[in-house]
Amino acid sequence: MSRIGKLPITVPQGVEVTVSPDNEVKVKGPKGELTLQVDPEITVKVEDGAVTVERPSEQQRHRALHGLYRSLINNMVVGVSEGFKKQLQVIGVGYRASVSGQQLELSLGFSHDVIVVLPPEVKASVESGKGKATVITLESHDKELLGQVAGRIRALRKPEPYKGTGIRYVGEYVRRKAGKSAGK
């Protein structure tokens with residue numbers, strides 16, 4: 001039995017989970033609404049404030065889907081009730097970030113500023129202070145979308161190993177390399 005898959009998901013107050021006959025799970029809460037199309041072989045049941053996910057057999061495919069769908073539904077429940085947050089640091093001389101509406105404008109040492117259009121579900125804010133790295137905070141109720149947006153922003157200027165400049169997640173460790181030796 002999958003250790004993750006067999007755990008029931010407790011539904012907090014104010015969150016509503018419904019399962020349609022064609023195995024589509026809808027989760028509605030104070031932060032938004034999410035839907036997920038579940039594989040027809042996996043059964044999802046909502047009973048007295050808890051969601052359980054069950055599989056038909058011990059096949060390797062069913063075991064894999066069991067834990068996967070339990071985690072996805074749990075992320076949906078947590079997202080619509082509490083939300084998710086990711087923080088990125090922009091490190092480098094002259095590297096800047098600013099937000100206007102749903103556009104994130106990044107100055108990353110290219111000949112032009114990079115403008116990232118954020119999806120409507122993602123909210124961004126920027127904190128910058130003298131002597132500190134600029135921090136971009138992304139918030140959303142959809143964990144998958146949030147990770148994709150954060151990854152796309154990080155890919156614009158990955159942290160490089162010599163000076164450590166670039167965009168990295170807060171708390172991410174970047175292994176530093178020694179530069180060229182002084183020579184003769």
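This report describes the overall form of a predicted model and the charged side chains within it.

**Overall form**

The chain contains two helices and 13 strands. Its radius of gyration is 21 Å, well over the 16 Å that the globule rule gives for 184 residues, so the chain is more spread out than a compact globule. The C-alpha trace spans about 70 × 45 × 25 Å along its principal axes. Of the 184 residues, 36% are buried. When contacts between residues at least 6 apart in sequence are considered, 52% of them join residues at least 24 apart. The exposed area of the chain is about 11,400 Å², and carbon and sulfur atoms supply 50% of this area.

**Charges and salt bridges**

The chain carries 28 positive and 20 negative side chains, and the centres of these two sets are 15 Å apart. Across the whole structure, a search finds five salt bridges. The table gives the separations for some of these pairs.

| Salt bridge | N to O distance |
|---|---|
| Arg-61 and Glu-41 | 2.5 Å |
| Arg-55 and Glu-58 | 3.1 Å |
| Glu-172 and Arg-154 | 2.7 Å |

The side chains of Arg-61 and Glu-41 form the bridge at 2.5 Å. Arg-61 belongs to helix H1 (residues 60-81), whereas Glu-41 sits in the loop between strand E4 (32-37) and strand E5 (43-47), so this pair ties together parts that are 20 residues apart in sequence. Both partners are partly exposed: Arg-61 has a relative accessible area of 42%, and Glu-41 has one of 38%. The pair also belongs to a network of salt bridges that links Asp-39, Glu-41 and Arg-61.

The bridge between Arg-55 and Glu-58 joins a buried residue to a partly exposed one. Arg-55 is the buried partner, at a relative accessible area of 13%, while Glu-58 is partly exposed at 49%.

**Glu-172 and its surroundings**

Glu-172 and Arg-154 form a salt bridge in which the closest N and O atoms are 2.7 Å apart. Glu-172 lies in the segment after strand E13 (166-169) and Arg-154 in helix H2 (residues 143-154), so the bridge ties together parts that are 18 residues apart in sequence. With a relative accessible area of 23%, Glu-172 is partly exposed; Arg-154, at 18%, is buried. Once residues up to four places away in sequence are set aside, Glu-172 touches Arg-154 and Pro-159. Glu-172 also lies 9.5 Å from Gln-89, C-alpha to C-alpha, although the two residues are 83 apart in sequence.

**A buried arginine without a salt bridge**

Which residues are in contact with Arg-70, leaving aside its neighbours within four places in sequence? They are Ile-4, Gly-5, Leu-7, Pro-8, Ile-9 and Val-53. Arg-70 is found in helix H1, the helix that also holds Arg-61. Arg-70 is buried yet has no salt bridge. The nearest side chain of opposite charge is that of Glu-54, at 12 Å; a salt bridge would require a side-chain nitrogen within 4 Å of a carboxyl oxygen. Arg-55 and Arg-154, by contrast, are buried residues that do take part in salt bridges: Arg-55, at 13% relative accessible area, meets Glu-58, and Arg-154, at 18%, meets Glu-172.

Note on methods. Residues are numbered from 1 along each chain as its sequence is written. This is a predicted model: local features need pLDDT of at least 70, side-chain atom pairs count only at pLDDT 80 or more; totals for chains, interfaces and linings use all residues. Side-chain values use heavy atoms; hydrogens and water are left out. Helices (H or I, at least four residues) and strands (E, at least two) are DSSP runs, numbered from the N terminus. The radius of gyration is taken over C-alpha atoms; the globule rule is 2.2 Å times the number of residues to the power 0.38. Buried means under 20% relative accessible area, exposed over 50%, partly exposed in between (1.4 Å probe, protein chains only). Contact means heavy atoms within 4.5 Å. Accessible areas come from the Shrake-Rupley method with a 1.4 Å probe; for residues, only the protein chains shown count as cover. Lys and Arg count as positive and Asp and Glu as negative; His and the chain ends are not counted. The place of a charge is taken as NZ of Lys, CZ of Arg, CG of Asp or CD of Glu.
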